[in-house]
Amino acid sequence: MSETELKSRAPEKRDFFRINQDVLFEVHLVDSYAADNSAPESHFDDSPALTLLNQLRKIDKDSQQILGLIKDKNRLLTDYLQSLNNKIDLVTRFCLFSQQADSADQATTRINLSEGGIAYTSNRAVYKGNFLVLRLIFLPSYVHVVTFAKVVRCSSKENEHQVAARFHRIQDKDRQEIARHILKAQVQLRKN
């Protein structure tokens, strides 16, 4: 796992904890109509392996209740089914990793993340009020979040621009994924 830093934003009177994290990161400018009326996923061409991983994760979530019922009746069968599930997940992540390793443009980017928004460094300036569509892929799990954001600040220093944006129309599942990731980072930080 990449180096993770955690900051409490309470002294700054902000509502969320923030972490600095290396992720696979894609960002595009979109107009306000797209940000208000389209699905953020429609702005990215997904690889077949990433699409497969997303579908498998949806199946996992849909079958959690059934697996819980099986667990109540047969613990051994539940362990076996979980083992099969882990094998499928491992093969899918290997396919995704192989695909990403073949692509030279998939370097990680250091972002500053909270449940409310994101900050990142860009070689291109954007204006306050612009809308963005973002895709964050957390490694090594390849769990991803795709959402819109509205730029609240862009400050320039030399040839770099520090962009801060607040999430716009973020889905609950994506906010929960970010919260899980931040909590995991907090636990990791406390262990170190």
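Me: What makes Glu 177 and Arg 180 a salt bridge?

Reply: Good place to start! In this predicted model, the side chains of Glu 177 and Arg 180 come to 2.9 Å, N to O. A salt bridge needs a side-chain nitrogen of Lys or Arg within 4 Å of a carboxyl oxygen of Asp or Glu. The 2.9 Å of this pair lies within that limit, so the pair counts as a salt bridge.

Me: Where do Glu 177 and Arg 180 lie?

Reply: Both are in helix α4, 3 residues apart, which is about one turn of the helix.

Me: Why is Glu 177 called buried, and what is Arg 180 called?

Reply: Buried means under 20% relative accessible area. Glu 177 has 16%, so Glu 177 counts as buried. Arg 180 has 41%, and values between 20% and 50% are called partly exposed, so Arg 180 is partly exposed.

Me: How many salt bridges are there in the whole structure?

Reply: A search finds 5. One of them joins Asp 62 and Lys 58 at 3.1 Å, N to O. These two residues sit 4 apart in helix α2 (residues 48–73), again about one turn of the helix. Lys 58 is called exposed because its relative accessible area is 51%, and exposed means over 50%.

Me: Which salt bridge links distant parts of the chain?

Reply: Look at Arg 135 and Glu 26. Their side chains meet at 2.6 Å, N to O. Arg 135 belongs to strand β5 and Glu 26 to strand β2, and they are 109 residues apart. Arg 135, at 5%, is buried, whereas Glu 26, at 25%, is partly exposed.

Me: How many aromatic pairs does the search find?

Reply: It finds 1 aromatic pair. Its members are Phe 25 and Tyr 120, with 4.9 Å from centre to centre and 55° between the planes.

Me: Why is the pair of Phe 25 and Tyr 120 called tilted?

Reply: Two values describe such a pair: the distance of the centres and the angle of the planes. The centres must lie within 6.5 Å, and 4.9 Å meets that condition, so the rings do pair. Planes under 30 degrees apart would be stacked and over 60 edge-to-face, with the rest tilted. Since 55° fits neither of those two ranges, the pair is tilted.

Me: What does the pair of Phe 25 and Tyr 120 tie together?

Reply: Phe 25 lies in strand β2 (residues 18–30) and Tyr 120 in strand β4 (residues 117–122), so the pair ties together parts that are 95 residues apart in sequence. Both rings belong to buried residues: Phe 25 has a relative accessibility of 14%, and Tyr 120 has 4%.

Me: Which residues touch the most other members of the largest nonpolar core?

Reply: That core has 22 residues, and Phe 25, Ile 111, Leu 113, Ile 118, Leu 136 and Phe 167 touch the most other members. Strands β2, β3 (108–113), β4, β5 (131–138), β6 (143–157) and β7 (160–168), together with α4, each supply at least two residues. The largest share, 4 residues, comes from β5. Another core, of 8 residues, lies apart from it and includes Val 30 and Val 146.

Me: How do you know that Ile 178 is buried?

Reply: Its relative accessible area is 0%. The cut-off for buried is under 20%, so Ile 178 is buried. Ile 178 is found in helix α4 (residues 172–191). Leaving aside neighbours within four places in sequence, its contacts include Leu 113, Val 145, Phe 167 and Ile 170.

Me: Is His 168 buried or exposed?

Reply: Buried: its 18% relative accessibility is under the 20% limit, so His 168 counts as buried. His 168 is found in strand β7. Not counting residues up to four places away in sequence, His 168 touches Ala 35, Asp 36 and Phe 131, among others.

Me: What makes up the nonpolar surface patch?

Reply: Leu 77, Tyr 80, Leu 81 and Leu 84 make a patch of about 330 Å². Leu 81, one of these, is in helix α3 (residues 75–101). Patch residues need over 30% relative accessible area, and Leu 81 has 32%, so Leu 81 passes and counts as partly exposed.

Me: How many helices and strands does the protein chain have?

Reply: There are 4 helices and 7 strands, running β-β-α-α-α-β-β-β-β-β-α from the N terminus. Of the 192 residues, 34% count as buried.

Definitions and conventions:
Residues numbered from 1 in each chain as written. Predicted model: local features only at pLDDT ≥ 70, side-chain atom pairs only at ≥ 80, totals over all residues. Heavy atoms only, no water. Buried < 20%, exposed > 50% of the residue type's maximum accessible area, 1.4 Å probe, protein only. Contact = heavy atoms within 4.5 Å. Phe/Tyr/Trp six-rings, centres within 6.5 Å; stacked < 30°, edge-to-face > 60°. Patch = residues over 30% accessible without salt bridge, like charges linked within 9 Å, V, L, I, M, F, W, Y side chains within 5 Å. Areas by Shrake-Rupley, 256 points an atom, 1.4 Å probe, with all protein chains shown as cover. Core = buried A, V, L, I, M, F, W, Y, C linked by side-chain atoms within 4.5 Å.
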